[in-house]
Amino acid sequence: MSKGLITVLVIVGILVVVIGGFVMWGAGVYDNAVKLQEDVNAEWSNVQSTYQRRMDLIPNLVETVKGYANFEQETLTGVIEARAKATSINIDPSNVTPQQLAQFQQAQDGLSSALSRLMVVVERYPDLKANQNFLDLQAQLEGTENRINVARQRYNDSIRLYNTYVRGFFKRFALSLFGGGEDFSVRKGFEASEGADQAPKVNFN
């Protein structure tokens, strides 16, 4: 075997190793991005689940409250309408756009405000405040608000990890090269500046 042929084989071997290593690295980047994306989607589903739990409690709360004579119908109507609006917004966890998130947040904040107004009005009804069914619902709502806070924080944490990963220069290059650049766009979390990273507080006192 001539020296020239050996040199060519060595160069080819080096290229194969380099290309193979690059392909393996790129595949690893892609797989990690997929995992982080799935983590984000799972946490978003948890956020929706905790909000759904709150919405499921509201009909029983409304029924309990409206059983008391002279209770302000306008306040109850506000809760019912706010719940209907929040329920109407359905978001695909794999494609949460900033606009959708803003709409979702606005609707949920509206429901929180309506619940807060309801609890303020309840203060005028001592018998209602002592009702065991109402007390049980109150405790469940308080627990749900805590769950909402945790779920939102975990969602924001998963967003932070995911965005940091896919925004890296070399990782962006690898994802684009492997045809997944558009599938791994930066996600938007709840904005702390708007108080969205904190669970809405329902005033039970």
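1. Let me start with the helix pair: α2 goes past α3 in a left-handed crossing. Bear in mind that this is a predicted model.

2. On the geometry, α2 covers residues 73-87 and α3 covers residues 98-122, and the two pack at an angle of about 160 degrees with their axes 8 Å apart. Angles over 145 degrees count as roughly antiparallel, so α2 is roughly antiparallel to α3.

3. Who makes the contact? From α2 you'll find Thr75, Leu76, Gly78, Val79, Ala82, Arg83, Lys85 and Ala86. Facing them from α3 are Ala107, Gln108, Gly110, Leu111, Ala114, Leu115, Arg117, Leu118 and Val121. Sorted by class, the residues of this contact come out as 10 nonpolar, 4 polar and 3 charged.

4. Now for the pockets: the largest one holds about 160 Å³ of space. It is lined by 12 residues, and Asn95, Val96, Ser185, Val186 and Arg187 are the closest to its centre.

5. As for the character of that lining, the largest pocket has 5 polar, 4 charged and 3 nonpolar residues around it.

Terms used: Residues numbered from 1 in each chain as written. Predicted model: local features only at pLDDT ≥ 70, side-chain atom pairs only at ≥ 80, totals over all residues. Heavy atoms only, no water. 1 Å grid on protein atoms, 1.4 Å probe; cavity = no way out; pocket = protein on both sides within 12 Å on 5 of 7 lines; lining within 4 Å. Points joined across faces, edges and corners; volume = space filled by probe spheres on them. Nonpolar A, V, L, I, M, F, W, Y, C, P; charged D, E, K, R; others polar. Axes fitted to C-alpha atoms, helices over the stretch in contact; angles between N-to-C directions. Helix = DSSP H or I, 4+ residues; strand = E, 2+ residues; numbered from the N terminus. Parallel < 35°, antiparallel > 145°, perpendicular 65-115°, else oblique. Left-handed = near helix turned anticlockwise from the far one by under 90°. Contact = heavy atoms within 4.5 Å.
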